[in-house]
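This report covers charged pairs, one helix packing and a few backbone details. The sequence and the model are shown first.

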Amino acid sequence: MENSKIQKLVFRKVGKALGDYKMIDEGDNILVAISGGKDSIALVDILSIKQKYLPVKFKLYSVYVDFGFHTDQEVRYIEEFATSRVERHYIIKNKLEDISCFWCSWNRRKEIFLLAKKLECKKVALGHNLDDIVVTFLMNLFYHGEISTMPPKLEMFKGEIILLRPLVYVTSNEIQQYVISKGLTVVENKCPYYNNNKIQRRLFLNKLVSELEALYPNIKMNIFNSLKKIKTEYLV
């Protein structure tokens with residue numbers, strides 16, 4: 001797909017998500033969690049452009065939680081990239097006492113929420129895309145026996161923090177194309193828990209969905225839309 005077409009497609013999908021789920025209001029302070037991966041890099045870039053054209057005025061901040069997984073040069077790149085697009089970028093250095101996937105994720109969220117509260121950012125934007133939403137649904141269905149996923153907009157702590165996922169309609173492949181079309185640099189994933197059983201399950205389901213998509217091109221959106229059309233009278 002041509003650069004201009006993929007950019008327009010992604011902008012349109014993000015704009016639709018922002019509108020459908022009423023994600024941004026006048027005067028919002030939004031903290032974007034950035035890891036350096038394609039999703040968060042694209043999210044910061046897109047929201048910074050949307051900021052110029054949306055009818056509501058809002059401020060963007062970003063945060064990178066540094067667990068020491070990236071080099072100083074990579075952390076500087078993330079800082080330079082974000083600083084050129086947001087009101088202010090923050091780096092939080094944290095040393096993990098317990099080495100585990102759960103503990104890493106829990107501590108990262110904790111630091112992000114604490115900073116959001118300090119900055120009076122009621123909303124926190126995360127880079128989860130359509131593939132993440134679909135695979136999380138399948139993870140919960142297959143391995144936990146429940147029907148749930150990551151919602152596009154979620155109130156936490158009795159409304160003190162609202163999580164936003166503006167990329168909810170955008171596929172992982174579309175984000176990859178967007179990043180390439182804009183010539184944006186992405187920092188390599190250096191997660192030390194990549195061989196974790198939970199991550200391996202997610203990778204397996206990602207592959208499964210991709211194989212099914214080759215046969216049924218609309219499968220991701222069909223799964224996503226099914227979560228909004230639950231016929232409870234036909235459930236156990």
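Two residues are in contact when they have heavy atoms within 4.5 Å of each other. In this predicted model, that criterion gives the interface between helix α1 and helix α6: Asn3, Ile6, Gln7, Leu9, Val10, Phe11 and Lys13 in α1 meet Glu174, Gln177, Tyr178, Ser181 and Lys182 in α6. By class, the residues of this contact comprise 5 nonpolar, 4 polar and 3 charged.

**Helix packing**

Helix α1 spans residues 3–20 and helix α6 spans residues 172–182. Their axes are 9 Å apart and pack at an angle of about 125 degrees. Angles of 65 to 115 degrees count as roughly perpendicular and those over 145 as roughly antiparallel; α1 and α6 are therefore oblique to each other. The crossing of α1 and α6 is left-handed.

**Salt bridges**

Side chains of opposite charge can pair when their charged atoms come close. The structure holds 10 salt bridges. Three of them are listed here with the separation of the closest N and O atoms.

| Pair | Closest N and O atoms |
|---|---|
| Lys38 and Asp39 | 3.0 Å |
| Arg85 and Asp45 | 2.9 Å |
| Asp66 and Lys93 | 2.9 Å |

In the salt bridge between Lys38 and Asp39, both residues are buried.

Which parts of the chain does the pair of Arg85 and Asp45 tie together? Arg85 belongs to the loop between α3 (72–83) and β3 (88–93), whereas Asp45 belongs to helix α2 (residues 38–53), so this salt bridge joins parts that are 40 residues apart in sequence. Arg85 counts as partly exposed, with a relative accessibility of 24%. Asp45 has a relative accessible area of 3% and is buried.

The salt bridge of Asp66 with Lys93 connects two strands: Asp66 is in strand β2 (residues 58–66) and Lys93 in strand β3, so the pair ties together parts that are 27 residues apart in sequence. Is each partner buried or exposed? Asp66 is buried, at a relative accessible area of 7%, while Lys93 counts as exposed, at 63% relative accessibility.

Salt bridges also link Asp25, Asp28 and Lys123 in a network.

**Backbone details in loops**

Where is Lys22 found? Lys22 is in the loop between α1 and β1 (28–33). Its phi is near 45 degrees, a positive value in a residue other than glycine. With a relative accessible area of 58%, Lys22 is exposed, because the cut-off for exposed is over 50%.

Lys158 also has a positive phi, near 60 degrees, and is likewise a residue other than glycine. Lys158 is located in the loop between β5 (153–156) and β6 (161–164). At 91% relative accessibility, Lys158 counts as exposed.

**A residue in helix α7**

Ser210 has its place in helix α7 (residues 197–215). Ser210 counts as partly exposed, at 40% relative accessibility. Between Ser210 and Trp106, which are 104 residues apart along the chain, the separation of the C-alpha atoms is 29 Å.

Key: Residues numbered from 1 in each chain as written. Predicted model: local features only at pLDDT ≥ 70, side-chain atom pairs only at ≥ 80, totals over all residues. Heavy atoms only, no water. Salt bridge = Lys/Arg side-chain N within 4 Å of Asp/Glu carboxyl O. Buried < 20%, exposed > 50% of the residue type's maximum accessible area, 1.4 Å probe, protein only. Helix = DSSP H or I, 4+ residues; strand = E, 2+ residues; numbered from the N terminus. Axes fitted to C-alpha atoms, helices over the stretch in contact; angles between N-to-C directions. Parallel < 35°, antiparallel > 145°, perpendicular 65-115°, else oblique. Left-handed = near helix turned anticlockwise from the far one by under 90°. Nonpolar A, V, L, I, M, F, W, Y, C, P; charged D, E, K, R; others polar.
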